[in-house]
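Biologist: Please take me through this model and justify each label by setting the value against its cut-off.

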Amino acid sequence: MHSVKEKASNAAASGKEHIDIMKAKAQEKVEKATSRTKEEKTIAHERRKAKEAEAKMKLHEAKAEHADEKLHGHHLHPHHEPVVGTHGHHHQPVGTADPTTGVPAPKYPLGGQFPAGPTHNKYV
């Protein structure tokens, strides 16, 4: 699933890069048409090259970010940082103490009763 999302994001970033390059080329043509000297035309060409390089840089940054999101599973928000050592688990193991209060967690089954259900297994 992450690979599909990464590919789609990369395709969108690539499309944005191509649009930015086409805008830079169009702007260069306009600047060359309105320029009067050879130096102004050279400056217009250099601006286009700089904008193309910037668009490619943004594409590579976006691809790196998408690969990082794929590698780490999801984008972390500042208020949803994982707790070190939990590996995504939020429950205490059965029979251990709560580290904040020191109160032992209950052992299962609660109340000494087994959960309700069939009393035998017909396949054994």
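Biologist: What makes K16 exposed?

Modeller: The model is a predicted one, and in it K16 has a relative accessible area of 52%. Exposed is the label for values over 50%, so K16 is called exposed. K16 belongs to helix α1. Its C-alpha atom is separated by 9.9 Å from that of K56, although K16 and K56 are 40 residues apart along the chain.

Biologist: Why does A12 count as exposed?

Modeller: The relative accessibility of A12 is 52%, and the label applies over 50%; A12 therefore counts as exposed. A12 is also found in helix α1. Between A12 and A62 there are 9.8 Å in space, C-alpha to C-alpha, for 50 residues apart in sequence.

Biologist: Why is H2 called partly exposed?

Modeller: H2 has a relative accessibility of 40%. Buried requires under 20% and exposed over 50%, with partly exposed in between, so H2 takes the label partly exposed. H2 lies in helix α1.

Biologist: Which residues does H2 contact, leaving aside its neighbours within four places in sequence?

Modeller: They are K70 and G73. The residue G73 follows α2 and has a positive phi, near 95°. H2 can also be related to H66: their C-alpha atoms are separated by 9.3 Å, with the two positions 64 residues apart along the chain.

Biologist: How do you know that R48 is buried?

Modeller: R48 has a relative accessible area of 12%, and buried means under 20%; R48 is therefore buried. R48 is placed in helix α2. Not counting residues up to four places away in sequence, R48 touches A24, K25 and E28. Of these, A24 and E28 are among the buried residues of α1.

Biologist: What makes E69 buried?

Modeller: The value for E69 is 17%, and the cut-off is under 20%, so E69 is buried. E69 is part of helix α2. E69 and K5 are 64 residues apart in sequence, and their C-alpha atoms are 9.6 Å apart in space.

Biologist: Which other residues of α2 are buried?

Modeller: Together with R48 and E69, the buried residues of α2 are A44, E52, A55, L59, A62 and H66. What covers the buried residues of α2 includes α1. On the other helix, the buried residues of α1 are E6, N10, A13, E17, I21, A24, E28 and E31, and they pack against α2 (38-72).

Biologist: Why would buried positions on a helix recur at such intervals?

Modeller: An α-helix has 3.6 residues a turn, so residues three or four places apart point the same way.

Biologist: How do you know that the length of α2 agrees with what is expected?

Modeller: The 35 residues of α2 should span 51 Å at 1.5 Å a residue, and the end C-alpha atoms of α2 are 51 Å apart, so the two values agree. Helix α1 (residues 2-34) has 33 residues and reaches 48 Å from its first C-alpha to its last, close to the expected 48 Å.

Biologist: What makes α1 roughly antiparallel to α2?

Modeller: α1 and α2 pack at an angle of about 170°, with their axes 9 Å apart. Angles over 145 degrees count as roughly antiparallel, so α1 is roughly antiparallel to α2. The residues of the contact of α1 with α2 divide into 8 nonpolar, 8 polar and 17 charged.

Biologist: How many helices and strands does the chain have, and how much of the chain is buried?

Modeller: The secondary structure comes to 2 helices and 0 strands. Of the 124 residues of the chain, 14% count as buried. The accessible surface of the chain comes to about 10,800 Å², and 61% of that surface belongs to carbon and sulfur atoms.

Biologist: Among contacts between residues at least 6 apart in sequence, how many join residues at least 24 apart?

Modeller: For the chain, that share is 49%.

Note on methods:
Residues numbered from 1 in each chain as written. Predicted model: local features only at pLDDT ≥ 70, side-chain atom pairs only at ≥ 80, totals over all residues. Heavy atoms only, no water. Helix = DSSP H or I, 4+ residues; strand = E, 2+ residues; numbered from the N terminus. Expected span 1.5 Å × (residues − 1). Buried < 20%, exposed > 50% of the residue type's maximum accessible area, 1.4 Å probe, protein only. Contact = heavy atoms within 4.5 Å. Areas by Shrake-Rupley, 256 points an atom, 1.4 Å probe, with all protein chains shown as cover. Axes fitted to C-alpha atoms, helices over the stretch in contact; angles between N-to-C directions. Parallel < 35°, antiparallel > 145°, perpendicular 65-115°, else oblique. Nonpolar A, V, L, I, M, F, W, Y, C, P; charged D, E, K, R; others polar.
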